[in-house]
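This report concerns a predicted model of a protein with a bound ligand. It takes up the domains, the ligand site and the cysteines in turn.

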Amino acid sequence: METYGSPLYVYSRTDIENNWREFDQAFDTHPHLICYAVKANSNLAVLNVLSKIGSGFDIVSIGELERVLFAGASASRCVFSGVAKTKAEIKRALEVGIFCFNVESMAEMNRIEQVAKDMGIQAPISLRVNPNVDAKTHPYISTGLKENKFGVDIDAAVPIYQMAHDSAYLTVKGLACHIGSQLIEVSPFLDALDKVLELVDKLNKINIHIAHLDLGGGVGIKYDNEQTIDINAYIVSILDKVGDLKIILEPGRAVVGNAGVFVTKVEFLKQNSGKSFAIIDGAMNDLLRPVFYQAYHQVLPVNENAKGTDAHWDLVGPICETSDFLAKNRKLCLSEGDYLALMSAGAYGFSMSSNYNSRPRVAEVMVSGNQHTLVRERESIQDLFNKEYMIND
Ligand SMILES: *Cc1c(COP(=O)(O)O)cnc(C)c1O
């Protein structure tokens with residue numbers, strides 16, 4: 001903190017690598033590609049570290065594509081997901097040789113075909129189907145039910161595949177699904193897999209052959225004391241079902257979530273009508289998950305021998321919103337000036353942060369063994385408005 005200031009995100013390179021390798025190694029010699037979902041944490045150092053150990057990437061925008069390329073990855077290991085790809089995004093992805101588009105609708109399929117036609121090339125595609133299974137996770141991060149906006153109803157997939165198969169500008173590569181995030185049970189994944197395999201059979205019968213299955217991300221992590229998925233067992237049960245089919249997985253949270261912490265400082269302690277508030281320098285713009293999804297992050301004192309006032313504290317930020325809290329009712333012993341670590345903050349932490357209340361975004365640091373490196377500078381006040389203009393009159 002003396003070097004980098006507060007608040008701060010800190011990531012462990014070793015944890016990121018080990019988490020990714022757990023997925024990769026469980027497949028052993030079975031054809032597979034682990035495409036890290038960039039939206040979970042898109043820092044260049046994170047992407048670079050993963051690229052160096054052979055990761056592919058799941059991207060959802062041109063910005064993520066350019067980041068991944070800048071970080072040293074090859075487009076031939078990238079899948080392009082996302083609900084509304086623009087013409088410019090499709091064109092750029094084709095120029096750099098994307099491995100596959102995960103297409104979300106017939107309309108998007110037509111757009112990709114048109115762009116490929118204009119370029120005189122063939123676009124590699126998978127259709128993202130919605131298998132209509134309940135991921136049993138928070139409704140805001142569940143994506144595989146009929147009523148969600150994602151993908152194509154699995155029962156409507158065949159004619160779309162037929163159209164792609166008949167097109168001179170599309171190449172059918174695979175079949176994709178992604179049913180939600182922070183799943184803590186394997187059964188919804190396996191239910192989805194069964195449905196997707198039925199579709200693969202149907203397609204085989206009409207002579208459309210799928211080269212890979214992309215089963216998305218969504219493996220949950222331990223935030224509190226929840227039961228989570230045994231990654232090796234999950235992958236073994238996939239392999240039991242899929243024969244020789246190449247498998248793609250797109251884990252995001254499971255790679256970076258537990259590899260990062262958010263460090264914040266206690267500014268003031270305050271008691272209001274029986275409630276104890278610790279006012280911290282971190283806020284909802286820095287770590288949105290608690291207010292966005294009622295998410296829980298464990299809170300640990302950075303200095304284990306901290307002395308101070310024992311109470312059940314609400315950790316609240318300086319932002320002018322009642323909902324600006326990072327944790328509630330935590331038994332801690334606190335004094336002003338203490339540093340606290342919010343655990344499991346490596347995924348959907350910095351990547352969802354904003355400048356709300358004109359707060360510069362915080363610094364990010366990566367540790368590796370006993371080395372620590374700044375991987376994103378804290379934004380300056382000037383950074384906050386250097387793209388703005390006043391009206392001249
Ligand atoms: C968000 C997302 C992921 C990653 O989800 P995690 O829960 O972080 O593993 C993977 N694939 C798609 C299509 C996504 O939208």
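## Domain arrangement

The C-alpha centres of domain 1 and domain 2 are separated by 33 Å. In the domain assignment of the chain, domain 1 spans residues 31-251 and domain 2 spans residues 258-385. Contact between the two involves 16 residues of domain 1 and 18 residues of domain 2.

## Ligand site

The ligand is surrounded by 14 residues, and the closest of them are Lys39, Ser181, Glu250, Arg253 and Tyr348. By class, the shell around the ligand consists of six polar, five charged and three nonpolar residues.

Polar side-chain atoms of Lys39, Asp58 and Glu250 are paired with ligand atoms as follows.

| Residue | Ligand atom | Distance |
|---|---|---|
| Lys39 | oxygen | 2.8 Å |
| Asp58 | nitrogen | 3.2 Å |
| Glu250 | nitrogen | 2.5 Å |

On its own, the ligand has 390 Å² of accessible area, and the protein covers 93% of that area.

## Cysteines

A disulfide is a covalent bond between the sulfur atoms of two cysteines. How many disulfides does a search of the whole structure find? The search returns zero. Two cysteines serve to illustrate this result.

For Cys35, the closest cysteine sulfur belongs to Cys78 and lies 7.1 Å from the sulfur of Cys35, so the pair is too far apart for a bond. The cut-off applied to such a pair of sulfur atoms is 2.5 Å. Cys35 has a relative accessibility of 0% and therefore counts as buried.

For Cys177, the closest cysteine sulfur is in Cys100, at 14 Å from the sulfur of Cys177, which is again too far for a bond. Cys177 also counts as buried, because its relative accessibility is 5%, and the limit for a buried residue is under 20%.

Conventions
Residues are numbered from 1 along each chain as its sequence is written. This is a predicted model: local features need pLDDT of at least 70, side-chain atom pairs count only at pLDDT 80 or more; totals for chains, interfaces and linings use all residues. Side-chain values use heavy atoms; hydrogens and water are left out. A residue is near a molecule or strand if one of its heavy atoms lies within 4 Å of it. A polar contact is a pair of N or O atoms within 3.5 Å; within protein, one must be able to donate a hydrogen and the other to accept it, and residues adjacent in sequence count only if both atoms are side-chain atoms. Accessible areas come from the Shrake-Rupley method with a 1.4 Å probe; for residues, only the protein chains shown count as cover. Ala, Val, Leu, Ile, Met, Phe, Trp, Tyr, Cys and Pro count as nonpolar, Asp, Glu, Lys and Arg as charged, and the others, Gly among them, as polar. Buried means under 20% relative accessible area, exposed over 50%, partly exposed in between (1.4 Å probe, protein chains only). Domain bounds come from an automatic or database domain assignment. Contact means heavy atoms within 4.5 Å.
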